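Student: Could you take me through the salt bridges in this one, with a close look at whichever part ties them together?

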Amino acid sequence: MVTIILLVIVVALVAYAVSIYNGLVTAKNGYKNAFAQIDVQLTRRHDLIPNLVETAKGYLAHERGTLEEVIQARNAAVSGLAAAKANPGDPAAMQNLSASENSLTQGLGRLFALSEAYPDLKANTTMMQLSEELTSTENRVAFARQAYNDSVMTYNNRRETFPGSLLAGGFPVAEPLALENPAAREAPKVSFT
């Protein structure tokens with residue numbers, strides 16, 4: 001009888017350990033999936049920017065510096081996204097992605113501020129449509145970033161709390177995606193009034 005009770009206790013402990021391990025795996029996969037949603041939205045954002053720049057080029061030929069800055073910031077953001085996509089949750093990759101997206105947001109803000117000064121550009125249908133698409137994408141990025149950070153928090157909590165911490169040796173800490181500049185937390189303002 002004692003042997004059966006001991007066997008039941010051992011089986012229950014093993015089942016509990018397996019449950020904890022599976023919870024860690026599920027949480028890890030959850031934050032990786034949440035990052036994939038950020039990837040989709042940032043890729044959409046990066047794809048819209050060349051069209052926006054091309055539309056603005058004809059009107060802003062003498063503002064080439066701003067346009068080139070946006071193009072360079074976009075290229076850096078694409079590279080940062082590729083590095084982060086290779087290893088979602090990696091602290092260095094997330095910091096690099098945050099910095100490059102912050103630079104891109106600032107450059108877009110300057111581009112939209114410039115477009116305000118040019119009534120022909122401001123009234124251009126293509127420019128208005130692209131601006132609306134970009135604003136919509138900025139909102140989607142914000143929601144995807146929030147979902148990713150929530151998933152990272154859930155994963156890290158499971159990883160760091162007892163008894164999960166006993167089995168979390170092979171599960172690295174995941175880094176949330178945060179912007180360093182509080183002003184960059186807002187989508188670029190687009191106003192055609």
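**Around Arg45**

Tutor: Let's start with a pair on the inside: Glu101 and Arg45 are both buried. Keep in mind that this is a predicted model. Glu101 and Arg45 form a salt bridge, with their closest N and O atoms 2.1 Å apart. That contact links distant parts of the chain, since Glu101 sits in helix α3 (residues 91-116) and Arg45 in helix α1, 56 residues apart.

Arg45 also has a salt bridge to Glu138, at 2.6 Å from N to O. Here Arg45 is in helix α1 and Glu138 in helix α5, so this pair ties together parts 93 residues apart in sequence. Glu138 is buried, just as Arg45 is. Put the two contacts side by side and you get a network of salt bridges linking Arg45, Glu101 and Glu138.

Now step along to Arg44. Its salt-bridge partner is Glu133, and the closest N and O atoms of the two are 2.3 Å apart. Glu133 belongs to helix α5 (residues 125-160) and Arg44 to helix α1 (residues 2-57), so this pair ties together parts that are 89 residues apart in sequence. As for the setting, Glu133 is partly exposed, with a relative accessible area of 34%. Arg44 is partly exposed too, at 24%.

To place these in context, a search of the whole structure turns up 5 salt bridges, among them the Glu133 pairing with Arg44 and the ones Arg45 makes with Glu101 and with Glu138.

How values were computed
Residues numbered from 1 in each chain as written. Predicted model: local features only at pLDDT ≥ 70, side-chain atom pairs only at ≥ 80, totals over all residues. Heavy atoms only, no water. Salt bridge = Lys/Arg side-chain N within 4 Å of Asp/Glu carboxyl O. Helix = DSSP H or I, 4+ residues; strand = E, 2+ residues; numbered from the N terminus. Buried < 20%, exposed > 50% of the residue type's maximum accessible area, 1.4 Å probe, protein only.
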